[in-house]
Amino acid sequence: MRKYKTYISFVIQNGDKHIHDFAIADLALPKYYFYLDNTSQQVVKWAEEKQKELRSNEKLIIINYFNVSNIK
């Protein structure tokens, strides 16, 4: 399956503390398109997996995301 790169800006909250961070994720390009915005569905899946890596008292919040084409 082909991949595309997506810049994802997020915050990890832990009580009243927070950390701003970003990732450039290789998201799967679907074979068939059922939605106009397939990226949002892939970002939600990425966020669910990222949340599993965090401690139970930490919460991941997506701030922004967009596809990038000039990063190899």
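Q: In this predicted model, which residues does Gln 42 touch, not counting residues up to four places away in sequence?
A: Let's start by placing Gln 42, which is in helix α1. The C-alpha atoms of Gln 42 and Leu 29 are separated by 8.7 Å, with the two positions 13 residues apart along the chain. Once residues up to four places away in sequence are set aside, Gln 42 touches Tyr 4, Leu 27 and Ala 28.

Q: Does Gln 42 count as buried or exposed, and at what relative accessibility?
A: The cut-off for buried is under 20% relative accessible area. Gln 42 falls below that cut-off, so it counts as buried, and its relative accessibility is 13%.

Q: In what order do the elements of the protein chain run from the N terminus on?
A: The protein chain has 1 helix and 3 strands. Read from the N terminus on, the elements go β-β-α-β.

Q: What is the order of the strands in the open sheet?
A: The edge strands are β2 and β3 (58-68), and each of them pairs on one side only. The pairing in this sheet of 3 strands is antiparallel. On average, neighbouring strands are turned by 25 degrees against each other, direction ignored. That leaves the order β2-β1-β3.

Q: How many bridges join β1 to β2?
A: Pick out a couple of pairs to get a feel for the register: Asn 14 stands opposite Lys 17 in β2, and Ile 12 has Ile 19 as its bridge partner in β2. The two strands run antiparallel, and the number of bridges joining β1 to β2 is 12.

Q: Which residue takes a positive phi in the hairpin of β1 and β2?
A: This hairpin has 2 residues between the strands. The phi in question is near 65 degrees, and the residue that takes it is Gly 15.

Q: At about what angle does α1 run to β3?
A: Helix α1 lies across β1, β2 and β3. Its direction relative to β3 comes out at about 145 degrees.

Q: Which element gives the largest share of the largest nonpolar core?
A: The core has 13 residues, and those touching the most other members are Ile 8, Phe 10, Ile 12, Ala 25, Leu 27, Trp 46 and Leu 60. Two or more residues come from each of β1 (3-14), β2 (17-28) and α1 (38-53). With 4 residues, the largest share comes from β1.

Q: Which residues is Ala 25 in contact with, leaving aside its neighbours within four places in sequence?
A: Ala 25 is one of the core residues that touch the most other members. Leaving those sequence neighbours aside, Ala 25 is in contact with Tyr 4, Lys 5, Thr 6, Ile 8 and Trp 46.

Q: Why does Glu 58 count as buried?
A: Glu 58 lies in strand β3. Its contacts beyond four places in sequence are Ile 12, Gln 13, Asn 14 and Gln 51. Buried means under 20% relative accessible area, and Glu 58 counts as buried because its relative accessibility is 15%.

Q: How far does the backbone nitrogen of Arg 55 lie from a polar atom of the side chain of Glu 58?
A: Here the side chain of Glu 58 supplies the polar atom, while Arg 55 brings its backbone nitrogen. The distance is 3.1 Å.

Q: What percentage of the 72 residues in the protein chain is buried?
A: On the surface side, the chain exposes about 5700 Å², with carbon and sulfur atoms supplying 53% of it. As for buried residues, they make up 32%.

Definitions and conventions:
Residues are numbered from 1 along each chain as its sequence is written. This is a predicted model: local features need pLDDT of at least 70, side-chain atom pairs count only at pLDDT 80 or more; totals for chains, interfaces and linings use all residues. Side-chain values use heavy atoms; hydrogens and water are left out. A nonpolar core is a set of buried Ala, Val, Leu, Ile, Met, Phe, Trp, Tyr and Cys residues joined through side-chain atoms within 4.5 Å. Buried means under 20% relative accessible area, exposed over 50%, partly exposed in between (1.4 Å probe, protein chains only). Contact means heavy atoms within 4.5 Å. Two strands pair if DSSP finds at least two bridges between them. Axes are lines fitted to C-alpha atoms, for helices over the stretch in contact, and angles run from 0 to 180 degrees between N-to-C directions. A polar contact is a pair of N or O atoms within 3.5 Å; within protein, one must be able to donate a hydrogen and the other to accept it, and residues adjacent in sequence count only if both atoms are side-chain atoms. Accessible areas come from the Shrake-Rupley method with a 1.4 Å probe; for residues, only the protein chains shown count as cover.
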